[in-house]
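Student: Hi! I'm new to this one. Could you walk me through it?
Tutor: Happy to. Let's get one term straight and then look around together.

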Amino acid sequence: MIGFGLRLALAGGREALTRLAIIAAAVAVGTGLLLTTLAGVNAVNAQLTRYASIYPSASTGGDADPLWWSTRDEYFHGRQIIRIDVAATGASAPTPTGIPTTPRPGEYYASPALRQLLAAHPADQLRDRYPGRDLGAVGPAALPSPDALVAIVGGTPEKVAELPHARQLTSIGDRTFALPETTVDLILGVVAGGLLFPVLIFIGTATRLSAARREQRFAAMRLVGATPRQISVVAAVEATSAAVVGTALGFLAFFAFRGQLAGIPFTGMPFFPSDMSLGVLDVLLVAIGVPAAAAVAAQVSLRRVRISPLGVTRRVTPRAPRAYRLIPILLGVAVLVFALGYRPETSDGQTALFLPALLLIMAGLVLAGPWFTMVGARIMARYANRPATLIAARRLADNPKAGFRAISGIMLALFVTSVAVGVITTIVANRGPAPIGSTDAGTVTTVFTEKAPTVPDTLFAELHAIPGVRSATAIRENPHLTSSGEVGVVACTDLPSAYGRCAAGATVAEVPMGLSLWRESASSTKVWHAASVTPDELHRLPVLSIVVGTDGSAAAVERTRTLLEAAYPTFWVGPNVPGDFESDFAATLRGWQQLANVVIIGSLALAGCSLAVSVIGGLTERKRPFSLLRLSGAPVRVLRRVVALESAVPMLAVAAVAIGMGLLAAHLFLRAQMDYTLVAPGSGFYVIVIAGLAACLGIIASTLPLLERITGPETARSE
């Protein structure tokens, strides 16, 4: 029967070959996206593991001489530069990963991206931060990304030991902790919800093409004596053959475009091509799972043929979906509401609470989709005043499962999109960096890890000599700090007017170390409280920080940074502006935004493909009823309205439900996890949603010309 099934699939005429080619092409697209998703997760894991290796744990065991290591952050044009200071204490000290030898004092290695910046900008803006000889480029093994800015700078053991977070290492790499399992779970949850589900729905939809025609053919075979087992084998062979071809094409497409895919900054940083790798389990999962899923889908579609060869013709209206399908959604929301009062302390516990809740809501949306479709169809039928509306509403109400199947991918896409955008928009609103062009964006602050006794007057003279520098102020430590006071003090005569003024009668004011309060912008109208310090006492206090006000130009900011780093090389975090100070968070946020964009674009594209396949398959299966309607006098335009309404009305209905549930889930998550209130997404979100829905409506419209060609009188006679 296997040979007969292959013959039936390959030699069944033009219609059979066309169906086989369409299914194979659809499965190839789905397989390629599935492989890209799995490889992307592996790439994120590899990228973050290399990032973790930049911050190794101390290791002093073994016979090797220790290597002093200190990792610090500095900034250039709003980008983070990872500076690693190293010093070997002996000939057997380990060599940092990615470079051939440990740099000596006055030597350094720089990543390729950093070397490009060093060559493209004046020395007083960047190059002077790394005095000495450039030994070459840092290799990929030590870089999180091809665009990463990393410098490995040599020093003496005495100097490096004094730097913040200095540690001794007797081995490199073996104590690097891989990406935490919790993070992998979260990444897998987002990707699975946003891409894997639509991919699987797309593949399942593709394998059901012309399911009704196959049922009729197999029912005829049953009538001439074929057993249910033989029919199952033939159906499985036919479906699996197309899926095997499509899976092979998907693998070829993935490996052909892997290099280009690696260059897409899914997490805000591009990957190395080698990061986009597949494990043995990944390959086996896709190579075996996709054809197996196609075979299962074929078996499910034959349930009426197994009952009786006449089961295909004796169709009855399926039982209407019931409201119990809403239970998973309610359970998922209940878990998120429960999290408002109870939040686990560990990240593993939080993952175990939030991730199942979101997945439960997603599964509930798919399960309850037919019920929502039925409710929408009944409402449409109640207010129908045209034949096309009534026909479409009655058909959707009779079989809401079939009507929802075409748009289930869109529902998941919009839910995941709403959750991602809602969370990111709210975090940005609460923790976003200072806007470019504000006073804060031009304020460069350096904070001392060890309080400096004084600041040389020559440093202030050099700072004021930089074009664009407007002020330079030393903030000293407040010796009478209270719970309501500020950590620094400054003479009122030294306080720049752009950052406020002293209270009436004060000579010394209490101020924050950056001259602006946390999450507040600098203001010339701010009034600072008087400090319990006299001017004579002020000059004997240690310096806490230096704040330099500039005009915000890149040249002034970077020259100021370079000068301050040279004057105080033992910084923990390099001189920064407010936007830089949250650079790590901003980079993470950009990664979330990129991942959300991938999910949005990918899931909507997959949903559109699923919709196109479903509509074409539905038209092919229903060409006889449509032909009979045309013979009875129904105009083609009425039939086109029926097809459009059958897809558009449930799509818009479930879109509203999905967006509402997504924003509700985002709000509950934010309240439980961060105590934030949901901030409504901006206009960009609605533009994406409207554009995505418009594209789906365009896909529906593009299939309508097929209706006239397949519903002629000859179709009614031949059927």
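Tutor: A residue is called buried under 20% relative accessible area and exposed over 50%, with partly exposed in between. Keep in mind that this is a predicted model.

Student: OK, so is V447 buried, exposed or partly exposed?
Tutor: V447 has a relative accessible area of 32%, so V447 is partly exposed.

Student: Where does V447 sit?
Tutor: In strand β7, which covers residues 443-452.

Student: Which residues make a nonpolar surface patch with V447?
Tutor: The partners of V447 there are L481, V487 and M513. The patch comes to about 280 Å².

Student: Let's zoom out. How many helices and strands are there?
Tutor: The protein has 24 helices and 13 strands.

Student: And what share of the residues is buried?
Tutor: Of the 719 residues, 48% are buried. As for the surface, the protein exposes about 32500 Å², and 62% of that is supplied by carbon and sulfur atoms.

Student: What about contacts between residues far along the chain?
Tutor: Take the contacts with a separation of 6 or more: 79% of them are between residues 24 or more positions apart.

Student: New topic: how many disulfides are there?
Tutor: A search of the whole structure turns up one disulfide. C492 and C502 form it, with their sulfur atoms 2.1 Å apart.

Student: What parts does that pair tie together?
Tutor: C492 lies in the loop between β9 (488-491) and β10 (501-502), while C502 is in strand β10 itself, so the link joins parts that are ten residues apart in sequence.

Student: Which hand does the link have?
Tutor: The link of C492 and C502 is left-handed, with -110° about the S-S bond.

Student: Is C502 buried or exposed?
Tutor: C502 is buried, because its relative accessible area is 16% and the cut-off for buried is under 20%. Another cysteine, C696, also counts as buried, at 2% relative accessibility.

Student: Last one: T560. Where is that?
Tutor: T560 belongs to helix α18, residues 554-567. With a relative accessible area of 0%, T560 is buried.

Student: What does the side chain of T560 reach?
Tutor: It reaches the backbone oxygen of A556, at 2.7 Å.

Student: And which residues does T560 touch, leaving out those up to four places away in sequence?
Tutor: T560 touches V444, L463, I466, V469, V548 and T550. One of these, V444, falls in strand β7 (residues 443-452), the strand where we found V447.

Notes:
Residues are numbered from 1 along each chain as its sequence is written. This is a predicted model: local features need pLDDT of at least 70, side-chain atom pairs count only at pLDDT 80 or more; totals for chains, interfaces and linings use all residues. Side-chain values use heavy atoms; hydrogens and water are left out. Patches are made of residues with over 30% relative accessible area and no salt bridge: like charges are joined within 9 Å, nonpolar side chains (Val, Leu, Ile, Met, Phe, Trp, Tyr) within 5 Å. Accessible areas come from the Shrake-Rupley method with a 1.4 Å probe; for residues, only the protein chains shown count as cover. A salt bridge is a side-chain nitrogen of Lys or Arg within 4 Å of a carboxyl oxygen of Asp or Glu. Helices (H or I, at least four residues) and strands (E, at least two) are DSSP runs, numbered from the N terminus. Buried means under 20% relative accessible area, exposed over 50%, partly exposed in between (1.4 Å probe, protein chains only). A disulfide is a pair of cysteine sulfur atoms within 2.5 Å. A polar contact is a pair of N or O atoms within 3.5 Å; within protein, one must be able to donate a hydrogen and the other to accept it, and residues adjacent in sequence count only if both atoms are side-chain atoms. Contact means heavy atoms within 4.5 Å.
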